[in-house]
Amino acid sequence: MKEAAIRRLLAANLLCVLSVVLTAVVPAFFWDGFTVLGTHLTWLCICSGCVSTFNILLHLVLKPNLSPKRSSFAHKISRFLKCCIYFFMSCILFHAIIVLYGAPLIESVTETFLFAVLLSTFTTLQCLCMLGPNIQAWIRVFSKNGAMSIWENSLQITTMCTIFGAWFGAFPIPLDWDRPWQVWPVSCSLGATFGYTAGLIIAPLWIHWNRKQLTYKSR
Amino acid sequence: MRLRSGVFAASCLLVEALGVALFLRGFFPVAVRSLPRREARGDPPAEPAPPGPGMVSNWTKIPPPLFKKVVLVLIDALRDDFVFGSKGKQFMPYTTQVVEKGTSYSFIAEAKPPTVTMPRIKALMTGSIPGFIDVIVNLNSPALLDDNLIWQAKTTGKRIIFYGDDTWVKLFPKHFVEHDGTTSFFVSDFTEVDDNVTRHLDRVLKREDWDLLILHYLGLDHIGHMTGPNSPLVGPKLREMDNILKKIHISLLSKEEASLPNLLVVCGDHGMSETGSHGGSSEGEVHTPLLFISSAFEKRSGPLTQPGLVQQTDLASTLAVGLGLPISRNSVGNLILPVVGGKTMREQLRFVHLNGFQLSRLLQENTPAYEKDPGYEHFKIAEKSHGNWIKLYLEGNNSEILLNLGKKVLKQYLEALKTLSSSLSKQVAQYDMYSMMVGTVIIMEVLLLLLLSIPKALSSRAEFEVPLSPPLFSLLFYLMCLMLCAVHVIVCTSAESLCYFCSMSWLTAVGVMMLISALMCGILSAIAKIFENSRLPLKNLVVSSSSWSEIDVLILAGTIGHVLSLGASSFIEEEHQTWYFLINTLCLVLCQELCRNNFLLKEWEPHHSTTMKQNFDSVGEASECKNIDIPAAGNSKLSKATSSAEFIKGSDKWISLASPWIILICCRLLRSLNQTGVQWAHRSDFGHWLTSSEHKSELSFLAAVSLLMILFLVQRRCSLVSKIAMALGLLGVYSYRAAIGNVIFPWQHDSKDISKGITEARFVYVFVLGIVFTGTKDLLKSQVISADSSVKSTGLWEVYSGLVLLAALLFRPHNLPVLVFCLLIQTMMTKYIWRPLKCDAAQITVMHYWFGQAFFYFQGNSNGIATVDISAGFVGLESYVEIPAIFLTAFATYTGPLLWAIHLLCYLSSEVNRNSAAVGHGCFCYAVLRSVPVAIYIVLVTGLRYHLFIWSVFSPKLLYEGVHVFITAAVCLFFMAMDQKHSQKV
Ligand SMILES: [Zn+2]
Ligand SMILES: [Zn+2]
């Protein structure tokens with residue numbers, strides 16, 4: 001049972017990685033002059049859009065958290081709206097944190113905000129898909145030993161990796177190499193993306209290695 | 001002998017300070033390059049002898065002067081675009097006209113960093129590149145002993161008159177027949193410094209009894225420091241300079257006789273950066289204009305070309321030739337050929353030969369393998385062809401051929417000169433490696449000793465056995481002493497270059513050797529002990545390392561990451577970014593910790609939480625194998641985990657949760673107050689907005705609010721008397737700033753005349769001393785009568801508030817919010833973060849250290865020399881007094897780290913009831929935190945000593961680190977004293 005679940009997780013995650021890679025490659029065929037570095041803002045939009053649609057589709061297809069009760073249509077709508085609000089709020093929060101970290105407040109707002117959207121896509125959106133707009137569940141998952149399934153474990157790992165990637169991505173900015181990828185926010189968003197993909201790949205492997213130790217309490 | 005951690009750490013730091021001092025002395029050697037100038041007057045070389053027998057050139061003397069009178073106008077901080085750029089066209093019409101159409105040659109002279117006035121004057125007058133140490137003695141410039149232009153001119157009987165910056169008078173005492181020095185320290189004075197120079201001008205220009213007139217104008221530099229290069233004040237000042245130049249030029253032309261023309265030289269000592277300061281190596285700081293104006297030159301024809309780039313040091317050689325003097329022996333400059341371009345070919349060749357001869361002699365004296373130097377080889381070839389040319393000349397050959405051949409020789413000479421001076425400039429940095437090595441060894445040994453004793457020092461008793469006698473009397477110790485002494489003798493007898501450590505008395509040297517051996521023995525015995533212990537099972541290590549909290553991981557990673565970042569020059573230039581990044585992350589992690597504490601802890605069963613929350617703060621403690629302390633720690637943490645959930649309730653809980661965010665916002669605001677570093681220093685910031693003259697009322701309002709806030713935040717824990725003293729002192733600070741014209745009182749609308757504010761500043765000093773004295777009295781009382789600890793903490797807080805008041809006086813008014821936020825963050829951290837989370841002493845120390853570092857940069861400092869605010873050293877002083885000035889400047893520069901360190905002491909001694917060893921732990925951690933970066937940085941700098949940026953980036957940082965070590969040593973002594981009192985009581 002567990003092996004099969006891990007395999008399913010791996011497949012889903014690899015598809016996610018593929019979608020990220022495709023966003024960097026495919027648009028170049030349709031649009032001349034598209035490069036991840038050169039037209040970074042466009043790429044940011046495309047990447048966040050693709051990853052989020054892909055995640056939502058994946059969620060709809062796989063339904064890793066089987067909700068026990070069938071809910072009404074109105075309930076679903078309100079749930080969806082709540083998700084949207086949460087996502088937007090998380091964008092704002094990320095934006096605020098990035099500004100607190102020293103990003104310019106007035107100049108390059110678009111860059112900062114799109115970077116915040118990217119981060120939200122990689123972290124909050126996944127949480128929303130997996131856990132729904134339920135803060136209590138989020139806190140549970142992100143406290144130590146709080147995960148209750150391999151999916152939640154994977155969520156923990158990818159979120160952490162994304163944040164770390166973005167964090168490490170800020171390191172080369174002060175260097176005086178004058179490279180195109182040192183421009184704000186290229187290195188950070190690349191860092192976040194690499195962190196996210198690394199997290200996606202690491203998560204199933206890590207769960208596989210530690211499958212003996214991992215015991216999930218039921219609620 | 002039993003030692004407590006505090007005592008141990010303080011003594012370690014003292015030894016380390018000794019090591020750092022020795023290293024600094026070796027790294028910044030006082031350059032002894034050529035023979036002293038008294039012996040330097042060897043005969044000038046004759047013209048190269050033409051080949052073949054019987055023919056000897058009869059020209060053996062120094063060529064006669066080319067100019068009768070020379071006027072050198074040095075405008076401090078004159079940037080190249082002030083003359084050649086749009087500003088020059090707009091504000092210096094006469095000069096622009098002379099440059100474009102007159103008889104002049106214009107160049108851009110490149111100054112070498114450090115771009116500070118005194119080293120630049122030395123470079124201009126000696127032609128050598130002064131070492132970095134000149135920056136430190138800048139404030140107290142001793143007489144220049146090297147061979148230099150002024151001395152040469154004086155000994156040949158030239159009469160020199162000087163008006164301007166009195167650095168010259170100190171550098172060249174008794175050299176001028178007439179002088180009037182103005183002091184450059186009152187930076188806010190824009191007009192008087194220059195009027196003091198100009199008022200002599202009319203009289204002097206009429207007279208005939210001088211040969212060389214030097215004028216050094218400071219006003220532009222002061223305007224730059226206060227308002228930046230783009231301020232509206234720059235234009236009128238440039239116009240004033242233009243008028244002065246016009247006056248001098250016209251007067252020189254009118255007095256010209258048939259015999260010899262006169263020369264007017266206009267130059268800057270250094271430029272200014274986009275913020276108006278200088279000291280670094282940005283383009284604006286190193287590029288200065290250099291104009292030669294004389295009727296001897298040809299009128300410029302044809303379109304204006306971009307002025308050529310020359311070195312600042314070239315001026316000395318050129319002027320020496322122009323005045324008919326021998327070129328200074330240490331000069332690395334090249335003759336600027338166009339200046340002598342009007343002379344005959346024979347004379348021109350003679351000049352460049354003299355220059356080349358001087359350079360090659362300097363090379364001979366400084367490099368053993370000088371014959372292989374390409375410059376030297378070129379020079380020899382050129383000399384040979386010069387001889388051939390002279391042969392042809394004496395034979396009276398066709399002038400056409402002679403001219404062409406001469407041009408070729410000239411070209412060869414110029415090539416040789418260029419190569420020679422570049423290879424000489426490279427050699428300027430000559431390090432005293434032996435002293436550096438000894439210093440490094442001491443520092444590394446102290447670091448190792450500190451690291452090895454971490455487990456012991458951070459144990460709950462915070463004291464450990466130092467086996468003093470066995471290592472001291474062991475054979476190893478004596479053997480090492482003997483060996484080191486032998487090495488010392490060998491090194492010192494064989495070394496050719498001067499070595500500071502060798503020049504010390506042998507008793508001192510033996511003392512240092514004994515110290516090194518003793519430290520080595522201490523390290524060895526500590527290692528031996530650890531190996532003994534490691535035979536015990538290592539289970540504890542695994543357990544404790546897995547239970548590190550996020551804070552511990554961050555603290556460790558941050559410390560290591562920062563140390564590693566010191567290897568890259570851009571990370572040093574932008575070090576503030578590192579610290580801001582780290583404290584931001586720290587705040588977020590603290591926020592997460594608080595969330596967990598508030599939301600989750602209740603649900604956990606006690607035994608679970610103990611395993612989770614067993615925090616061990618550093619590697620050392622993780623490797624602690626004798627687990628005597630662990631049960632105790634575990635117990636305390638158990639109670640901590642269970643109690644802290646109930647500890648904060650209601651509204652406090654939400655304030656506690658919000659506090660990291662408030663701190664983050666404070667830090668963000670502070671970050672945009674002072675843009676610092678190099679890459680983004682030009683970005684606009686609040687500080688510049690506030691200091692510009694249009695926003696004086698905003699600045700006044702901000703300063704007043706900040707002072708009120710400081711009073712509000714500080715007075716909580718003071719006694720009534722100090723409260724009143726504090727209030728009066730802060731009022732005095734405001735009136736001091738009003739007196740020197742930084743801020744205005746609301747009722748004062750007309751700008752009244754600016755004074756130096758001596759009375760007001762001294763009024764504040766009285767209160768600072770009063771408050772500190774009251775605090776010290778309380779501390780002494782608590783020690784002698786052993787009263788309750790509340791007296792002691794009040795005393796400490798009073799000392800702290802006295803320092804805050806001093807900082808408020810010394811800070812520029814726009815920096816007062818830094819002080820406010822410092823106090824605010826400390827208050828919030830204490831109340832809502834550290835107390836509820838019950839962080840242990842080591843974590844608290846690291847956080848204090850990080851915030852201290854961040855505040856160092858928040859207050860506008862950087863790792864460049866230019867940001868040191870020397871005006872702080874003159875607050876309340878009539879004139880420059882060395883000791884108080886240095887003390888005040890150091891205090892103003894290191895206010896951030898210092899205030900946080902003292903606050904750490906206040907906090908830890910208030911926590912003594914919970915953890916009796918807190919102060920000792922804090923002191924020890926502080927010492928370790930300071931030692932690690934210093935030790936690593938010193939090794940890095942030794943490795944990178946030939947790096948391109950060594951003088952502009954790494955050396956200033958080294959100075960900052962060194963001074964920080966001295967200050968930390970003093971702080972740790974204070975810690976130790978506080979710790980002492982406590983332990984006597986127990
Ligand atoms: Zn200057
Ligand atoms: Zn200056």
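**Contacts, cores and a zinc site in chain B**

In this predicted model, 80% of the chain B contacts between residues at least 6 apart in sequence join residues at least 24 apart. Chain B holds 42 helices and 10 strands, and buried residues make up 59% of its 986 residues.

Q: Why is Asp221(B) called buried?
A: The relative accessible area of Asp221(B) is 7%. Buried means under 20%, so Asp221(B), at 7%, is buried.

Q: What makes His225(B) partly exposed?
A: His225(B) has a relative accessible area of 29%. Partly exposed covers values between the 20% and 50% cut-offs, and therefore His225(B), at 29%, is partly exposed.

Q: Where do Asp221(B) and His225(B) lie, and how many residues apart are they?
A: Both belong to helix H11 (residues 219–227) of chain B, four residues apart, about one turn of the helix. An α-helix has 3.6 residues a turn, so residues three or four places apart point the same way.

Q: Which protein atoms are the donors of the zinc ion (ligand 2)?
A: Asp221(B) appears twice through OD, while His225(B) and His278(B) each appear through NE2; these donors lie 1.9 to 2.4 Å from the ion. Donors must be within 2.8 Å of the metal, so the distances of 1.9 to 2.4 Å satisfy the cut-off. Along the chain the donors follow the spacing D-x3-H-x52-H. The zinc ion (ligand 1) is 4.4 Å from the zinc ion (ligand 2).

Q: Why is the site of the zinc ion (ligand 2) called irregular?
A: The angles among its four donor atoms are 56 to 146°. Four donors count as tetrahedral if all angles lie between 85 and 135 degrees, and as square planar if opposite donors are over 155 degrees apart. Angles of 56 to 146° meet neither condition, so the site is irregular.

Q: How do you know that the end-to-end distance of helix H1 (residues 5–27) of chain B agrees with its expected span?
A: At 1.5 Å a residue, the 23 residues of H1(B) should span 33 Å; the end C-alpha atoms are 32 Å apart, which agrees. H1(B) is mostly covered, with 18 of its 23 residues buried.

Q: Which residues touch the most other members of the largest nonpolar core?
A: They are Phe501(B), Ile710(B) and Phe851(B), in a core of 174 residues. Helix H41 (residues 918–943) of chain B gives the most to this core, with 15 residues. Leaving aside residues up to four places away in sequence, the contacts of Phe851(B) include Ile583(B), Leu586(B), Met829(B) and Trp900(B). A second, separate core has 66 residues, among them Phe107(B) and Tyr376(B).

Definitions and conventions:
Residues are numbered from 1 along each chain as its sequence is written. Chains are lettered from A and ligands numbered from 1 in the order in which they are written. This is a predicted model: local features need pLDDT of at least 70, side-chain atom pairs count only at pLDDT 80 or more; totals for chains, interfaces and linings use all residues. Side-chain values use heavy atoms; hydrogens and water are left out. Helices (H or I, at least four residues) and strands (E, at least two) are DSSP runs, numbered from the N terminus. The expected span of a helix is 1.5 Å times one less than its number of residues. Buried means under 20% relative accessible area, exposed over 50%, partly exposed in between (1.4 Å probe, protein chains only). Donors are N, O and S atoms within 2.8 Å of the metal (3.2 Å for Na, K and Ca); water is not among the atoms, so sites may look incomplete. Four donors count as tetrahedral if all angles lie between 85 and 135 degrees; four count as square planar and six as octahedral if opposite donors are over 155 degrees apart and all others between 65 and 115; anything else is irregular. Contact means heavy atoms within 4.5 Å. A nonpolar core is a set of buried Ala, Val, Leu, Ile, Met, Phe, Trp, Tyr and Cys residues joined through side-chain atoms within 4.5 Å.
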